[in-house]
Amino acid sequence: MRGGWWRRAASQIGRSVAVWGVSTVTMLVLAGILPDFRLQSADGDSATTIAVTAALGAGAFGVLSAVVWPLLVRLLLLVPALVLGLLVFFLNGSLLLLALRVNPSGQPEAAPETAVIVAAAMSAVASATGAALAVRDDDAYRRRLARLADRRRGRRPPCDSTPGTLVVQLDGVGHDVLRDAVDKGLMPTVARWLGAVPGREDRGHREPTHRIVPWRTDWSSQTGASQLAILHGTNHDIPAFRWYEKDTGEVMVCNRPTSAVELQRRAVARTRDGGLLTADGASRGNLFSGGAGESALVLSVSARRGPGNRSRAGYFAYFSDPANAVRTALSFVAEVAREIGQSLRARIRRQRPRVSRGGLYPLVRAFATVVERDVVVAAVTGDLLAGRTAVYADLVAYDEVAHHSGPRSRDAAKVLGRLDRALALIEKVAEHAPRPYRIVVLSDHGQSPGETFRARYGLTLGDLVRAGCGLHVSRRAQRTRSGAEARAAVRAALRRPVEEGGEHHRPARHFEPLVLASGNLGLVSFPDVPHRMSREELDARHPGLLTTLANHPGIGFLLVRSEEHGGLVLGARGAEIPLDELDGNPGPLAAFGPGAADAVRRTHSFPHAPDILVNSFHDPADGEVLAFEEQIGSHGGLGGAQTRPFLLAPLACSPPVAEGGELVGAEQVHRVLRRWLREANGPQVPLPAETETETEAEPGPGPEPEERAA
């Protein structure tokens with residue numbers, strides 16, 4: 001034991017000396033090529049003096065980076081995380097200037113702007129050198145990764161043979177998109193797991209380690225509904241991404257921190273279960289905590305006040321290493337430039353469909369594809385090395401890019417490649433974890449392509465509703481705010497809550513309709529009526545409204561309450577199908593495929609269903625839908641790939657469903673994940689209030705009962 005300690009100490013000293021030497025050489029080279037950076041006095045110094053000056057400067061910079069930088073980052077957690085990212089270069093340059101100032105040898109100096117460049121280069125070189133030397137030493141490699149992720153030593157047992165479970169959510173990646181990316185060689189890590197060879201029909205000569213199955217979302221095919229059900233077991237009464245609740249007079253928005261807190265509270269009260277991650281779990285980059293004791297970049301946690309809010313701890317864990325900070329900041333700038341270039345190319349080529357990608361969008365995209373990804377992956381790294389039992393992490397990069405570039409665009413395909421590299425890194429780290437890990441990858445929904453409703457018809461859904469009500473319609477169509485999940489993460493990082501102002505939702509007068517959008521799903525409510533209006537009441541108040549909507553070529557179908565039939569699906573040319581007759585006569589739902597009737601009936605039962613639910617047109621031939629938001633890749637309703645995400649799991653896990661069965665609804669995905677946690681023989685995940693039956697515990701076809709006693 002003692003000999004091993006000395007060997008580790010000697011190895012660490014050797015690596016430190018090597019990094020110091022490389023940093024010294026780097027400083028000498030930079031001093032030779034940068035005009036505003038010198039290591040000698042004006043009168044000139046000997047080569048020995050210059051070398052000693054460089055060595056002392058590199059040593060002082062290394063010590064300051066190791067000691068002072070983490071303190072600065074912890075202090076700067078009081079400011080927005082994106083501001084911290086912008087200050088990275090300034091802080092690193094300031095540390096270099098301080099190192100030169102305290103140097104007792106020679107008279108080194110540098111212009112402030114040059115110091116930023118020198119500090120960034122030295123941090124990158126030192127980090128690369130240390131990583132290259134440490135990667136040959138498994139113990140050192142583990143210690144380095146643990147340090148980057150702010151691991152607290154001694155908190156977990158050193159070794160455990162019980163498998164842990166890591167679930168990585170690739171936000172918005174549809175099943176068919178993933179399979180195509182594997183076939184084209186864009187995702188070699190996933191291809192290896194599936195035993196696939198890109199470009200070949202025969203994939204049988206490799207032994208797969210994972211299986212992939214598609215699953216079908218609920219009508220509300222968006223992260224708020226899917227992730228809440230996956231993590232907390234229920235998404236009851238979530239009709240869309242945003243909706244109006246007449247009993248409180250509030251608009252609920254899934255990516256609003258206060259709404260996320262309330263939705264999570266309701267789910268816990270309904271299931272009487274803290275969540276999927278209550279047993280030694282960690283939640284990273286999600287809208288909801290899943291009951292985890294450790295959270296980073298979790299929206300429902302970001303709304304808390306006081307010491308209980310640890311949602312920003314992930315920023316410190318990552319940015320406490322100056323090399324990480326510099327690399328991410330450089331990648332952030334590069335991603336902004338990449339988005340500007342891609343947007344300009346699309347405009348020059350006059351690509352269609354196309355939406356505006358200006359304003360702050362390049363920064364939002366860079367945050368989602370660089371900062372959020374790097375911080376979440378670093379947090380997951382720490383969780384694996386700490387040996388946590390269950391980890392759930394969300395990577396939103398693809399979803400954000402696909403909204404604006406299209407789900408099958410070249411821009412989105414490149415993001416898939418970078419996500420695959422993140423999975424490869426996670427897999428590598430798992431090999432050094434103190435316990436084996438089962439890596440599960442899933443998506444919460446897909447995306448469907450298509451023009452926006454506004455681009456095709458020159459008016460918004462709100463304009464169409466107002467016209468049907470006989471109200472004035474402005475010639476200037478208003479854009480609908482995007483519901484992309486990445487914007488919530490950005491606002492949380494900026495400490496600007498996603499409290500979408502009332503003026504964006506409230507009608508000008510109380511009796512006017514309130515129209516909200518969730519991808520290609522629209523919701524119409526009349527705030528002055530305290531209950532959900534019936535078809536008969538709507539016809540009496542606005543005789544032309546339902547006919548105007550149902551017969552518009554951009555509308556697929558409507559759902560309304562009926563005093564006579566309970567619920568009605570309305571379509572073009574006078575189609576009226578009661579909900580209990582949809583199985584035999586799907587009417588306008590026929591184009592939306594199997595399961596559409598069940599999804600519509602379930603949403604109709606929600607207490608906060610709006611007066612009118614509007615689903616856009618869908619073309620089964622090309623999967624096109626028409627988004628009521630400014631997105632050319634959308635999700636939120638029925639139609640196309642948006643309702644067909646995937647579940648990728650190790651073969652060691654039992655099949656998600658029996659052969660020939662179908663995985664339907666995010667609540668069933670929750671039950672599958674909970675079963676896999678029990679199979680690993682780890683700490684038992686709390687069961688719902690009702691005792692789970694054998695049928696629920698075993699895979700089987702079709703959805704399970706939607707309702708559970710609250």
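Let's start with the charged side chains: there are 34 salt bridges here, a salt bridge being a side-chain nitrogen of Lys or Arg within 4 Å of a carboxyl oxygen of Asp or Glu. Keep in mind that this is a predicted model, where local features need pLDDT of at least 70 and side-chain atom pairs count only at pLDDT 80 or more, while totals for chains, interfaces and linings use all residues. Residues are numbered from 1 along each chain as its sequence is written, and side-chain values use heavy atoms, leaving out hydrogens and water.

Now zoom in on Glu 335. Its side chain meets that of Arg 338 in a salt bridge (2.1 Å, N to O). The two are 3 residues apart in helix H12 (residues 322-348), so about one helical turn separates them; helices are DSSP runs of H or I with at least four residues, strands are E runs of at least two, and both are numbered from the N terminus. Glu 335 also forms a salt bridge with Arg 418, with the closest N and O atoms 3.6 Å apart. Arg 418 sits in helix H15 (residues 410-430), so this pair ties together parts that are 83 residues apart in sequence.

How buried or exposed is Glu 335? At 2% relative accessibility, Glu 335 counts as buried (under 20% relative accessible area; exposed is over 50%, partly exposed in between, with a 1.4 Å probe and protein chains only). Arg 338, at 33%, is partly exposed.

Over to helix H22 (residues 666-679), which packs on the sheet. In H22, 13 of the 14 residues are buried, so the rest of the structure largely encloses this helix.

How values were computed:
Contact = heavy atoms within 4.5 Å. Axes fitted to C-alpha atoms, helices over the stretch in contact; angles between N-to-C directions.
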